[in-house]
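Me: Could you take me through one part of this model up close, then show me how the rest is put together? Keep it relaxed, but give me the cut-offs as you go.

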Amino acid sequence: MPSTFNLSKPSTFNLQEATVNDIQKAFHFGALSIEELTQLYLNRIVAYDDQGPAISAVISVNPNALDKARELDAKLRSQGANGALYGIPVLVKDNYDTFDLPTTAASDVLDGSIPPDDAFTVSKFRDAGAIILGKTNMSEFALSSGRLGYSSLGGLTLNPYNLNRDASGSSSGTGAAIAANFATLGTGTDTAGSVRGPSSVAGLVGIKPTRGLVSADGIVPLALTVDFAGPMALSVEDAAIGLGVMAGVDPNDPATEASQGNSFEDYTQFLDKNALKTARIGVAREYFGGNDEVDKLVEAAIDNMRAAGATIIELDLPDTVVEASNYGTLLNTVIQAEFKPQIEEYFATLDEQYPKNLEELIAASKDPELVNSETPVNPNRIAVYEDSLEFGGLDNPEYQEAINQGIPALQNELNNIFINNKLDAIVYPTIATPATPITDGDGNFIDDPTYEANLDNIGGDPYRANYLGNLTGFPDLSLPVGYTEQGLPVGISLFGQEFTEPKLIGLAYAYEQQNPVRVAPSNTPALPGEKFEYLTEVLVVGDGGDDILETELLPDFDGNKDVVFAGKGDDLVDTTISISGGNRVFGGSGDDEIFVGKNDVVNAGAGDDILDAVAGRGGNRLNGADGDDTFFAGGNDRLIGGNGNDAFFVIEKGENIITGGAGEDQFWIFTAQLPQDVNTITDFEAGVDVIGIAGSGLSFEDINFKVDDGNTVINIFNQDVAVLLGTQGNFEQSDFAFV
């Protein structure tokens with residue numbers, strides 16, 4: 001009876017802490033399928049969003065998510081993973097267009113609206129192998145207007161850390177959903193801190209990128225000058241992965257032309273544990289003072305940066321910069337001017353039953369049936385619609401002054417601060433207070449004596465530091481640094497110059513690795529099946545009999561980084577259904593059959609063995625021994641014969657490298673059909689070895705030869721099929737076999 005032995009300590013999978021890499025590692029070792037993962041997340045949404053604490057973070061679930069997961073599982077086994085987010089369920093804010101799910105901006109007025117196609121970023125997620133698991137609730141049309149995280153379609157999103165506190169806005173649903181582990185990665189949009197605020201109060205990493213780094217095409221606009229799409233995740237690494245997928249030039253968004261040469265497909269290359277050692281960090285104390293606990297935690301974070309080697313510079317921001325960061329100075333002007341023309345341009349893409357202009361949106365929001373429903377439109381939101389209608393659009397002189405004078409002046413002042421102080425980043429509390437108490441149906445805060453907000457110290461607005469990033473278009477990354485006595489997360493912002501995301505990601509990663517603070521919310525505990533152990537490496541040993549050593553037939557043998565000793569009998573070893581492969585297989589003294597999957601190294605024993613990579617996915621190395629072995633090449637494999645008379649068959653794929661060895665070998669380069677790519681034979685010996693061609697009806701006269709750089713290329717039907725290294729042509733018919 002074959003035996004298995006552990007070669008490594010078990011790995012623990014914990015859904016509540018699982019990163020993208022943790023999940024994909026579990027995929028690769030066969031410990032978790034994509035379908036199983038997707039179901040685990042769906043279970044959590046049912047248990048904690050629809051029921052239980054009723055977080056109300058997810059506004060719609062993709063009914064085809066499990067079908068997509070099964071499709072990706074099948075592809076993973078047959079072709080391997082392809083994409084940075086392969087098999088990863090992702091939640092997107094409900095203002096990102098999805099061709100297969102409603103996109104409503106969380107407004108009852110747009111209930112059921114299916115856009116004509118995906119937002120550019122959504123299509124990039126799909127191309128990266130992600131599953132769009134669902135859409136998240138948000139402040140209606142991405143502006144909270146006094147009710148953070150409330151919408152007429154999704155209701156009020158609660159903070160999973162404290163159900164009496166909100167999840168900020170407007171990306172409240174994504175923040176709460178990722179914190180509650182409904183997915184490990186999500187998206188938000190940020191017009192006035194709406195990625196960073198929800199990330200801060202939910203203990204997440206959120207990135208508001210540089211203007212033009214991420215396309216706004218297909219995202220319901222609030223004000224495109226100050227709108228930004230960005231990732232929200234449990235870790236810096238996952239946020240970096242998400243940003244790499246989202247970033248890039250989009251022909252349908254002219255603003256992204258600025259990112260040409262400034263964006264990266266992989267931001268994980270900038271994860272640097274030592275980034276803080278040489279960093280110069282400026283502190284903007286003008287944005288402290290809103291809450292003692294927040295200040296204490298942020299001060300401790302700054303001390304940690306200093307201890308890690310960073311040079312801390314106390315800044316004195318000019319009054320003009322602080323004044324510009326007040327909502328009413330520039331930002332409100334831009335939002336009021338741009339909303340009407342830009343939302344009407346978006347409405348033009350929708351079906352006829354939906355509003356076509358701002359007046360119709362206002363009228364629909366005031367419909368008596370909706371007004372008298374359990375979730376009417378926030379009256380303050382309607383008032384802001386009306387303000388935008390009265391503002392006059394892009395021709396308003398205040399807007400023109402903001403765009404042409406105010407914003408450029410602010411950009412110039414901040415750039416000078418960075419340059420003059422040689423700064424890598426400026427830090428401040430992402431939000432000057434913890435998450436605020438939730439509001440009742442009338443929009444009034446519920447009574448919570450534990451909430452402290454010293455609004456007079458912060459210009460009446462805990463979010464105002466965030467507006468610098470929206471107005472300038474500079475990047476800002478929010479990073480969790482701890483929790484208040486009430487268990488509420490607190491975040492710190494790393495604010496940089498344009499296109500310095502690599503630097504900010506490096507600094508954030510260095511801080512996170514040295515100061516991990518993540519604690520899962522107690523209101524959304526683990527469910528059955530979310531935590532388990534699995535083995536990554538086992539030793540499989542056959543006995544003296546004729547063994548069948550197939551993956552999944554033996555305990556813990558998954559065919560991924562395992563070691564197999566077949567033993568003495570005529571054994572069958574099969575790792576073809578492995579996912580990542582990388583096994584080492586040793587045949588015994590019998591006549592073995594060894595079928596390999598991917599990246600396996602096989603050493604045949606002394607018998608007449610069959611080494612078969614046809615069903616594999618390449619990267620295998622098959623080594624013969626003293627017997628007369630038979631090799632079947634898959635594609636991108638290395639086949640090396642031993643001392644026997646070996647036979648090598650190329651079935652379909654090419655790019656194999658074949659070395660016959662010492663015996664009289666047969667190289668069957670054409671078996672019923674032409675190989676897809678050229679194969680290389682390294683040691684063909686004329687008069688000893690034979691080139692075989694089967695099932696083609698060809699004869700020796702139909703074969704073409706050409707000598708290229710000292711090697712002979714065999715051409716059949718005007719296609720190069722094999723290269724014989726070190727040969728000079730001059731072949732005889734006896735060097736070939738035809739059947």
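**Around helix H7**

Reply: Glycine 248 sits just after H7 and takes a positive phi of about 140°. Bear in mind that this is a predicted model, where local features need pLDDT of at least 70, side-chain atom pairs count only at pLDDT 80 or more, and totals for chains, interfaces and linings use all residues. Numbering starts from 1 along each chain as its sequence is written, and side-chain values use heavy atoms, with hydrogens and water left out.

H7 itself covers residues 236–246, and 10 of its 11 residues are buried (under 20% relative accessible area; exposed is over 50%, partly exposed in between, with a 1.4 Å probe and protein chains only). Among the buried ones are Val236, Asp238, Ile241, Leu243 and Met246. Helices here are DSSP runs of H or I with at least four residues, strands are runs of E with at least two, and both are numbered from the N terminus.

Now for a strand with plenty of cover. All of S4 (residues 89–93) is buried, 5 of 5, so the strand is largely enclosed by the rest of the structure. In a regular strand the side chains alternate between the two faces of the sheet. In S4, Pro89, Leu91 and Lys93 take one side and Val90 and Val92 the other, and all of them are buried. S4 runs parallel to S5 (residues 131–136), joined by 5 bridges; two strands pair if DSSP finds at least two bridges between them. Lysine 93 stands opposite threonine 136 in S5.

Elsewhere, an open sheet of 12 strands with mixed pairing follows the order S1-S19-S21-S23-S25-S27-S29-S31-S33-S37-S36-S35. Its edge strands, S1 (3–6) and S35 (704–708), each pair on one side only. Inside that order, S33 (residues 679–681) and S37 (residues 719–724) pair in the parallel sense over 3 bridges, with valine 723 in S37 as the bridge partner of threonine 680.

Zooming out, the chain has 16 helices and 38 strands, and its C-alpha trace spans about 95 × 55 × 50 Å along the principal axes. Of the 739 residues, 58% are buried. Taking contacts (heavy atoms within 4.5 Å) with a separation of 6 or more, 63% link residues 24 or more positions apart. On charge, there are 40 positive and 111 negative side chains, counting Lys and Arg as positive, Asp and Glu as negative, and leaving out His and the chain ends. The centres of the two sets lie 7 Å apart, with each charge placed at NZ of Lys, CZ of Arg, CG of Asp or CD of Glu.
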